[in-house]
Amino acid sequence: MEYFEDEYVVVDLETTGLSPFNGDEIIEIGVTEIRGDKIHKNYSRLVKPNGFIPSIITEITNITNEMVEDALPIEEVLPNFRKYIGNRTIIAHNAKFDVGFLNYYLEKMNLAPIDKYICTVEMLKKNKEYKGKNKKLQTACDYYGILNENAHRADSDTLATAKLFMKIRLSM
């Protein structure tokens with residue numbers, strides 16, 4: 001039995017590609033708060049990249065260059081986001097990806113890295129009851145009967161991940 005805290009921040013990013021080391025950027029940050037066994041705030045914020053959003057990313061996320069035109073840049077969004085997270089543990093589906101992106105940009109801005117996180121993919125790997133064909137968020141949501149209304153948008157993905165986390169932790 002793992003020890004679980006009472007408050008978490010579920011985070012999901014939409015990005016222009018797969019690696020910040022290749023110049024890929026964050027274009028949306030989604031957050032869902034979990035307090036105890038209840039979901040609280042759920043929202044997302046678009047982020048204006050320095051470059052353009054590739055058409056393949058727009059096809060996946062439905063986020064267009066026009067949508068981020070008036071959004072704040074990461075240099076304005078991330079310091080407030082880091083302050084908001086504080087010392088709370090982050091939850092993400094495939095946390096290595098999201099935390100890796102966040103820490104890359106946090107380091108560039110001389111802000112404290114995120115070092116407390118839980119990965120729901122890793123939880124699925126440890127959960128002997130899970131019989132889904134893979135560990136993708138949509139597959140796990142389908143397996144557990146969780147509706148992800150707007151997949152590949154950060155607010156919807158964080159809400160689905162929060163519900164997934166609460167289901168999985170009950171069986172651990």
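In strand E2, Ile-29 is the bridge partner of Leu-13. Strands E1 (residues 7-15) and E2 (residues 26-35) run antiparallel and pair over nine bridges; strands count as paired if DSSP finds at least two bridges between them. This is a predicted model, where local features need pLDDT of at least 70 and side-chain atom pairs count only at pLDDT 80 or more, while totals for chains, interfaces and linings use all residues. Residues are numbered from 1 along each chain as its sequence is written, and side-chain values use heavy atoms, with hydrogens and water left out.

**The sheet**

- Five strands make an open sheet with mixed pairing, in the order E3-E2-E1-E4-E5.
- At the edges sit strand E3 (38-46) and strand E5 (117-119), each of which pairs on one side only.
- Ignoring direction, neighbouring strands of this sheet are turned by 25° against each other on average. For angles like this, axes are lines fitted to C-alpha atoms (for helices, over the stretch in contact), and angles run from 0 to 180 degrees between N-to-C directions.

**Helices on the sheet**

- Helix H3 (residues 74-85) lies across E1, E2, E3 and strand E4 (89-92), and runs at about 15° to E2.
- Helix H7 (residues 154-170) also packs on the sheet, where it touches E1, E2, E3, E4 and E5. Contact here means heavy atoms within 4.5 Å. The direction of H7 makes about 35° with that of E2.

**The whole chain**

- In total, the chain has seven helices and five strands. These are DSSP runs numbered from the N terminus: helices are H or I with at least four residues, strands are E with at least two.
- Going along the sequence, you meet them in the pattern β-β-β-α-α-α-β-α-β-α-α-α.
- The C-alpha trace spans about 45 × 35 × 30 Å along its principal axes.
- Why call the chain a compact globule? With 172 residues, such a globule would have a radius of gyration near 16 Å, and the chain has 16 Å, which agrees. That radius is taken over C-alpha atoms, and the globule rule is 2.2 Å times the number of residues to the power 0.38.

**Pockets**

- A pocket, on a 1 Å grid over the protein atoms alone, is an open set of points with protein on both sides within 12 Å along at least five of seven lines; a cavity is a set where a 1.4 Å probe fits but cannot get out, and lining residues have an atom within 4 Å of a point.
- The largest pocket holds about 750 Å³ of space. Its volume is the space filled by probe spheres set on the grid points, which are joined across faces, edges and corners.
- This largest pocket has 29 lining residues, and Asp-12, His-93, Asn-94, Phe-97 and His-152 lie nearest its centre.
- Its lining divides into eleven nonpolar, nine polar and nine charged residues. Ala, Val, Leu, Ile, Met, Phe, Trp, Tyr, Cys and Pro count as nonpolar, Asp, Glu, Lys and Arg as charged, and the others, Gly among them, as polar.
- The second largest pocket has about 180 Å³ of space, and its lining includes Ile-29, the residue you met at the start, along with Val-31 and Tyr-43.
- H3 gives the most to that second lining, with five residues.

**The cavity**

- There is one cavity of 30 Å³ or more, and the largest cavity holds about 50 Å³.
- Among the residues lining the largest cavity are Glu-25, Ile-26, Pro-73, Ile-74 and Tyr-105.
- Six nonpolar, one polar and three charged residues make up this cavity lining.
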